[in-house]
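This report describes selected features of one protein model. Please consult the sequence and the structure shown below while reading.

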Amino acid sequence: MAQSYDVIIIGSGPGGYVTAIRAAQLGLKTAIVEREHLGGICLNWGCIPTKALLRSAEVLDNANHAKAYGLTLNGTMTADVKDVVARSRGVSARLNGGVGFLMKKNKIDVIWGEAKLTKPSSGSQMAEIVVGKMTKPVVQPQNPVPKGVLGEGTYTAKHIIVATGARPRALPGIEPDGKLIWTYFEAMKPDVMPKSMVVMGSGAIGIEFASFYRSMGVDVTVVELMANIMPVEDVEISTFARKQLEKRGLKIITEAKVTKVEKGADSITAHIETKDGKVQQITADRLISAVGVQGNIENLGLETLGIKTDRGCIVIDGYGRTNVDGLYAIGDVAGPPMLAHKAEHEGVICIEKIAGVPGVHPMDKSRIPGCTYCNPQVASVGLTEAKAKESGREIRVGRYSFAANGKAIALGEDQGMVKTIFDKKTGELLGAHMVGAEVTELIQGFVVAMNLETTEEELMHTIFPHPTLSEMMKESVLDAYGRVLNA
């Protein structure tokens, strides 16, 4: 007889494991299916380990500019690629074990294997999955398979939530080979540091790796199809970031595409076509393909059950419900924005709706912050200036420079800016955009303000501590209304 649950979640990434914990908190008998490693891509191969790499790069950058802080280093500061990678992998392993602990603490069964949906729920019939053997071994063998429900078999539940995440998108003819053409998997654990590199794509993944490898001394060229790097960002912020990245030695080619890649014994030659039709060739040791990600929707049984998909993602409503009763989807597999924090929040909404928690409402995607952890950092929430104007609103725009902030100057981080956009009539904060040191930590202040529907007047009357980088947030608001004090 099949083991039965209230909820089964397929995938243990940030969306999956957070949803499982919330389900357990709500008293639901819960299981989670994982084929490879607890924590999913974010924890093991994405968000967390990349930040560990970027932290090593930041320390190296600071050391190489020690003289600017009145410090003298005896000897040359160099990076040991094996040690840098080992630290990053160690951070992931520690957190991977932490997810296992949370599953045990919350009495959540972990089922190891690959799940396929076989039956929807209908009336008294429960939804069903069949779990087969893993196609890959568990990546983190130091974390033993938990006791309890361990693998192959048939399982049923009142509700099944698909949280299988996404994987790197490959362009035809430029498919990653793991040696010369990398995805973020290979870029995260190089055996040796290449001397030169082409990065195809300037979204968060591409720019973060470009920034990391440049700090490591690699000659990096970024190729972007759109007119601006980080195309989802406000143009003014993107332009500022580009100038700072180029000052660090990155080469950036926009409105261009890689049309062909020729492979040598230990190098590639990228053919790059610009918008005017001209083609240039760049030879480098490696190429990182960072042209986006696609949902993991294959081999799940979606077609058999008639679950709707669109452009490689599962179609859902505001509560994670698919068009088939008892089946849900959250996170990257359910479409953009493909961000870990979106997946977590989406999962909580989904499970609370299932459990009948009062007051649950769909996520407002316009209030999801985006962060890019390059040097300089970029963070934003809400509408860009262009999008705000396109909406037909009259707007007010405020700006404030890091160069006028005492804390930024003291930190030696005076290159950056904060930009805020308000509805001229109502004072509603429509968007906030930041570039510079630690802005990924500052953006949450504007996210909270937007979620509370805070007006410009309330922000102006909020007391920010001095001296802090956060003071620039208030000054930007003041600037939008002609009341800036320290500029």
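Leaving aside neighbours within four places in sequence, with which residues is phenylalanine 212 in contact?

## Phenylalanine 212 and the nonpolar cores

The model under discussion is predicted. Once neighbours within four places in sequence are set aside, phenylalanine 212 contacts Leu53, Leu54, Ala57 and Val84. Phe212 belongs to the largest nonpolar core, which has 37 residues. Together with Phe209, Tyr213 and Ile288, Phe212 touches the most other members of that core. Two or more residues each come from H3, helix H5 (184–187), strand E9 (196–200), helix H6 (204–215), strand E10 (219–223) and helix H7 (235–247). Among these elements, H6 gives the most, with five residues.

Apart from this core lies another, made up of 28 residues. Its members include Val381, Ala408, Val439 and Val477. In soluble globular proteins, nonpolar side chains tend to be buried together.

## Packing of helices H3 and H4

Two packed helices are described by the angle between their axes and the distance between the axes. For helix H3 (residues 47–64) and helix H4 (residues 81–105), the axes come within 8 Å and cross at roughly 145°. The crossing of H3 with H4 is right-handed.

On the H3 side, the contact involves Ile48, Pro49, Ala52, Leu53, Arg55 and Ser56. These residues meet Val84, Val85, Arg87, Ser88, Arg89, Val91, Ser92 and Leu95 of H4. By character, the residues of this contact comprise eight nonpolar, three polar and three charged. Two of the participants, Leu53 in H3 and Val84 in H4, are also among the contacts of phenylalanine 212.

## Cysteines

A disulfide is a covalent bond between the sulfur atoms of two cysteines. The structure holds one disulfide, and it joins cysteine 42 to cysteine 47 with an S to S distance of 2.3 Å. The link of cysteine 42 and cysteine 47 is left-handed, with -130° about the S-S bond. Cysteine 42 is buried, at a relative accessible area of 14%, whereas cysteine 47 is partly exposed, at 29%.

Why does the sulfur of cysteine 313 form no bond with the closest cysteine sulfur? The closest cysteine sulfur, in cysteine 350, is 16 Å away and therefore too far for a bond; a disulfide requires sulfur atoms within 2.5 Å. Likewise, the sulfur of cysteine 374 is 11 Å from its closest cysteine sulfur, in cysteine 371, and so is too far for a bond. Cysteine 313 is buried, with a relative accessible area of 9%. Cysteine 374 is buried as well, with a relative accessible area of 4%.

## Backbone geometry in loops

Two cis peptide bonds may be noted, at proline 337 and at proline 467. The bond joining proline 336 and proline 337 has an omega of about -5°. Proline 337 lies in the loop between strand E19 (327–329) and helix H9 (340–355). The bond from histidine 466 to proline 467 has an omega near -5°. Proline 467 is placed in the loop between helix H13 (456–460) and helix H14 (471–480).

Positive phi values occur at lysine 107 and at arginine 311, neither of which is a glycine. For lysine 107, phi is about 55°; this residue lies in the loop between H4 and strand E3 (109–112). Lysine 107 counts as exposed because its relative accessibility is 74%, and exposure requires a value over 50%. For arginine 311, phi is near 50°, and the residue lies in the loop between strand E17 (309–310) and strand E18 (313–314). Arginine 311 also counts as exposed, at 77% relative accessibility.

## Isoleucine 8 in strand E1

Is isoleucine 8 buried or exposed? Its relative accessibility is 0%, so isoleucine 8 counts as buried. This residue is found in strand E1 (residues 3–10). With neighbours within four places in sequence left aside, isoleucine 8 contacts Ala31, Val33, Ile129, Tyr155, Thr156, Ala157, His159, Ile160 and Ile161.

Isoleucine 8 and cysteine 371 are separated by 363 residues in sequence. In space, the C-alpha to C-alpha distance between isoleucine 8 and cysteine 371 is 31 Å.

Definitions and conventions: Residues are numbered from 1 along each chain as its sequence is written. This is a predicted model: local features need pLDDT of at least 70, side-chain atom pairs count only at pLDDT 80 or more; totals for chains, interfaces and linings use all residues. Side-chain values use heavy atoms; hydrogens and water are left out. Axes are lines fitted to C-alpha atoms, for helices over the stretch in contact, and angles run from 0 to 180 degrees between N-to-C directions. Helices (H or I, at least four residues) and strands (E, at least two) are DSSP runs, numbered from the N terminus. A crossing is left-handed if the near helix is turned anticlockwise from the far one by less than a right angle, and right-handed if clockwise. Contact means heavy atoms within 4.5 Å. Ala, Val, Leu, Ile, Met, Phe, Trp, Tyr, Cys and Pro count as nonpolar, Asp, Glu, Lys and Arg as charged, and the others, Gly among them, as polar. A nonpolar core is a set of buried Ala, Val, Leu, Ile, Met, Phe, Trp, Tyr and Cys residues joined through side-chain atoms within 4.5 Å. Buried means under 20% relative accessible area, exposed over 50%, partly exposed in between (1.4 Å probe, protein chains only).
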